[in-house]
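Okay, thanks for making time, everyone. I'll put the structure up and then walk through a few parts of it.

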Amino acid sequence: MKIERQWSSSWSRLPEDIIFSIMNRLGYVGQLRFRAVCKSWRQANIRGIKSADTLPWKMAVDPRSCCFMTLLTIKKYTVDSKVLASKYGWVLFAKRENDEEEYPYMTNAPLFLYTPFTNRIIHLPNFILKLDDKATFSMPPDSPDCEIFVVRLDRDKKLLIRMCRPGETTWIKLAIFKFFDTEDSSEKYGPAHNVEYVDGVLYISFEQIAVVAYNPKLDDSKLYPYPCNEGKNIVYEYLLESDGNLLLYHDELDDLVFRLDRPQMKWIRIHNLDDRSLFLGTNSSLFIPMEQTSELVNTRHAVVCHCSMCTKISESFHLDVRHMEDYCWIQVPQMI
């Protein structure tokens, strides 16, 4: 018994550099479990730990179930919810309250945030959601400063923006404004296509003409027309954030990637992915650094994708995501 106690004590007093080395080799979920083993490992004063997870999780949702997938594991849940957004390892859901044929109106739908990495749920105030509403959030929802935004273009072509924070009981109406100069131009916009929050500004893309930028703190809005491509009328499919920059992406004719230069109010084309990979989804898109030796470096992946990684996931779990109703990528969090 004495020998066992000494052995147990020695494990609890691992040097911090050894703890750091072990954790850098673990994925995010493994790091959480490692730190839960004992008090000294949990309280170790270490910073700059990175997760060994280099790829995002893949999520697919059908009307009654939800699958979270990696190359190694799959988690399947019973769910009756619509995916609105995914960022920072969290997914924003709206619970369906009506039958499918009554949609697009989800009367007073309960909204909630969920992370599959810790199974934590954060409930939000109910919201009368419509089919074309778009949503995003500003930072990890377990932060007290996180803000959740829902954007709608109404029948009068007015842009409506509402916001709430975790723990609040009501949605605040931030803005109602009309940014079209003429009725002819307003007809070209249609509903909001994508929404992204970058560096204090909410960006809303519309299918044919421009991105609207709204700063909630300044109550100020700007219009950024889409870049022209040899006179072609291009629908830019994706907005995404990368290193504090807003990126615009189109993949039908060419792999067109643009970065917004805000001081100059213009789009600058990015001609290579610079050892990163694009993961494109209906409610979330990611631009992730890759090792130069990775087979995925400088590649792009839609959720319905036939690359080696996505094919391996589908074959491993006998899952055809083409038959799922909704899907997105989930960014793996990093330890602080």
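So, before the strands: I call two strands paired if DSSP finds at least two bridges between them. And keep in mind that this is a predicted model.

With that in hand, take strand β7, residues 111–115, and β8: they pair in the antiparallel sense over four bridges. If you want one spot to click on, Leu-113 has Ile-122 in β8 as its bridge partner.

Now zoom out to the sheet those two belong to. This open sheet has four strands in the order β4-β5-β7-β8, and the pairing is antiparallel. Which strands stand at the edges? That's β4 and β8, the latter being residues 120–123; each has a single partner strand, so one side of each is left without a neighbour in the sheet. On average, neighbouring strands here are turned by 25° against each other, if you ignore direction.

Okay, next sheet. This one is also open, with four antiparallel strands, running β14-β15-β16-β17. Here the edges are β14 and β17, with β17 covering 220–225, and because each has a single partner strand, one side of each has no neighbour in the sheet. The average turn between neighbouring strands, direction ignored, is 20° in this sheet.

Let me go through the pairs. β14 and strand β15, residues 201–206, are antiparallel over six bridges, and there you can find Val-198 standing opposite Val-201 in β15. Then strand β16, residues 210–215, pairs with β17, antiparallel, also over six bridges. Val-211 has Tyr-224 in β17 as its bridge partner. β16 and β17 form a hairpin with four residues between them, and what stands out for me in the turn is Asp-219, with a positive phi of about 50°.

Right, on to the pocket. How much space lies in the largest pocket? About 1000 Å³. There are 40 residues lining the largest pocket, and the closest to its centre are Glu-241, Leu-286, Phe-287, Ile-288 and Gln-331. We meet two strands again here: β4 (81–87) and β14 (192–198) are among the elements giving two or more residues to that lining, along with β10 (134–137), β18 (238–242) and β23 (286–289). As for the chemistry, the lining divides into 16 nonpolar, 15 polar and nine charged residues.

Last stop, the helices. Helix α2, residues 16–23, and helix α3, residues 28–35, have axes that come within 10 Å and cross at roughly 150°. Over 145 counts as roughly antiparallel, so that's what α2 is to α3. From α2, the contact uses Ile-19, Ile-22 and Met-23, and from α3, Gln-31, Phe-34 and Arg-35. By class, that contact has four nonpolar residues, one polar and one charged.

That's my tour. Happy to rotate things if anyone wants another look.

Note on methods
Residues numbered from 1 in each chain as written. Predicted model: local features only at pLDDT ≥ 70, side-chain atom pairs only at ≥ 80, totals over all residues. Heavy atoms only, no water. Axes fitted to C-alpha atoms, helices over the stretch in contact; angles between N-to-C directions. Parallel < 35°, antiparallel > 145°, perpendicular 65-115°, else oblique. Contact = heavy atoms within 4.5 Å. Nonpolar A, V, L, I, M, F, W, Y, C, P; charged D, E, K, R; others polar. 1 Å grid on protein atoms, 1.4 Å probe; cavity = no way out; pocket = protein on both sides within 12 Å on 5 of 7 lines; lining within 4 Å. Points joined across faces, edges and corners; volume = space filled by probe spheres on them.
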